[in-house]
Structures are given as structure tokens and as C-alpha cells.
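Please walk me through this structure in plain paragraphs. I have not seen it before and would like the terms explained as they come up.

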Amino acid sequence: DQIVVTPSYYLTLTRDSEFLAHYATIRAATDAELIVYNIPPCTGSNLPLSVIFDMARRGWTRYCKDSSADNARFAQLLAGAPEVGLTVFQGSEANMAWALEQGARGLVPGCANFHAAPFVRLWQAAQVGDTATMAACQEEITRLVEVVVKGDHHWLAGLHYACHLCGL
């Protein structure tokens, strides 16, 4: 019913018209709803907020996962989301607790594929406003990321290896 779509991995998009053409082409090829995924460290493109909001206004998407690790940008995304009916999820493990405190509707962390417990506890603590537990969970998540996926552009290899060690 839904597909997660990033900007192009092979061509760095820079203009709003390029992003919109990319998403329009994918939308025309499927009846599935688009889940917009901004992950500039991998794609080389930082999806402009104006494009995300435009796609939501057009009815192309109702969901956005942002893994930019840019708190100021994420705050702007959250601020504009209600006006266009957009639900926003945080993908950057470094900013999980902060994002929930700011109003993110959920988390989509890669590390949860092999060690979900601290993310689940973080979510549960956020639901009841337990900021002390949220901070402790964020510290555990930060340590997890440092051990498993540290290494800048090799983070995906660390994530895959951790999943392999867990039998996944």
C-alpha cells in the first residue's frame, strides 16, 4: 500500500523541479502511497521542505521520515506539517529523544532492527512524559550507535554486520 522513496542515489538533485519530477515519475508508476524519506548522507540531496510540503498538499504523501540529523530543519518540518496534513518520523538515532519531545509522531531507527529495546523504552517514556528515562534511553542509543555504526560512511556495513550477528 505504501512505498518509501528517497531522492535519487545516483544523481544529486538540487532544484525543487528536479525533486518533484523524480517523485512524480515514481508516483505515476504505482498506486502505492509515497512515504518521503530524506537521508542526505546517503543520497547527497537534502529534500527541500518546500517540496515535502508541496507533495503533501498535492496528496502524494502523508508521511515523512527525516534522517538529516539537522535539528533546526526537523523543527521547521514539524512546524509546517500540521498545515499540510503530514506525519513526521525521526530517523536519526542521535536525535530520537529530542525529536519526540518536539512532537515527532514516531521513530524509524536502523539500529532497532537488531536491538529494539532502548527505542521501545524511549517511545514508552515519551508517551508519559518521563524525561529522565528518555534521557537514559538516548544515552544507551548513542552508545549503541558509537559501537555498531560508528565510522561515518561505513555505518550501513556496521548495521548489516550487527544484524548478521543476531541471526537476522
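Ala69 counts as partly exposed because its relative accessibility is 45%; buried means under 20% relative accessible area, exposed means over 50%, and partly exposed is in between (1.4 Å probe, protein chains only). Ala69 sits in the loop between β3 and α4. Helices (H or I, at least four residues) and strands (E, at least two) are DSSP runs, numbered from the N terminus. Although Ala69 is not a glycine, it has a positive phi of about 65°. Most residues other than glycine have a negative phi.

The model is predicted: local features need pLDDT of at least 70, side-chain atom pairs count only at pLDDT 80 or more, and totals for chains, interfaces and linings use all residues. Residues are numbered from 1 along each chain as its sequence is written, and side-chain values use heavy atoms, with hydrogens and water left out.

The chain as a whole comes next. It has eight helices and five strands, and from the N terminus on the elements run β-α-β-α-α-β-α-β-α-β-α-α-α. The radius of gyration of the chain is 16 Å, close to the 15 Å that the globule rule gives for 168 residues, so the chain is as compact as a globular protein of that length. The radius is taken over C-alpha atoms, and the globule rule is 2.2 Å times the number of residues to the power 0.38. Along the principal axes, the C-alpha atoms fill a box of roughly 40 × 35 × 30 Å. Of the 168 residues, 45% count as buried. Among contacts in the chain with a separation of 6 or more, 61% are accounted for by residues 24 or more positions apart; contact means heavy atoms within 4.5 Å.

What lies inside? A nonpolar core is a set of buried Ala, Val, Leu, Ile, Met, Phe, Trp, Tyr and Cys residues joined through side-chain atoms within 4.5 Å. The largest such core has 42 residues, of which Leu86 and Leu122 touch the most other members. At least two residues of this core come from each of α1 (16-28), β2 (33-38), α3 (49-57), α4 (71-84), α5 (96-102), α6 (117-128), α7 (131-148) and α8 (155-165). The largest share, six residues, is supplied by α3. Leaving aside residues up to four places away in sequence, Leu122 touches Met96, Ala97, Leu100, Leu107, Met134, Cys137 and Ile141.

Three of these contacts of Leu122, namely Met134, Cys137 and Ile141, are also among the buried residues of α7, together with Gln138, Leu144 and Val148. These buried residues cover an arc of only 120° around the axis, which puts them on the same side of α7; the arc is that of the directions from the helix axis to the C-beta atoms. The face turned away from the buried side of α7 carries the exposed residues Ala132 and Val147. At 1.5 Å a residue, the 18 residues of α7 should span 26 Å, and its end C-alpha atoms are 25 Å apart, which agrees. The expected span of a helix is 1.5 Å times one less than its number of residues.

Helix α1 can be read in the same manner. Its 13 residues should span 18 Å at 1.5 Å a residue, and its end C-alpha atoms are 18 Å apart, which agrees. Phe19, Leu20 and Tyr23 are buried in α1. They cover an arc of only 95° around the axis, which puts them on the same side of α1. An α-helix has 3.6 residues a turn, so residues three or four places apart point the same way. On the other side of α1, Thr25 and Ala28 are exposed. The buried residues of α1 pack against β1 (2-5), β2 and α3.

In helix α4 lies Arg73, which counts as buried at 8% relative accessibility. Not counting residues up to four places away in sequence, Arg73 touches Asn38, Asn46, Leu47, Pro48, Leu49, Ile52, Asp66 and Ser68.

Leu165, in helix α8, is by contrast exposed, with a relative accessible area of 58%. The C-alpha atoms of Leu165 and Phe114 are separated by 8.9 Å, with their positions 51 residues apart along the chain.
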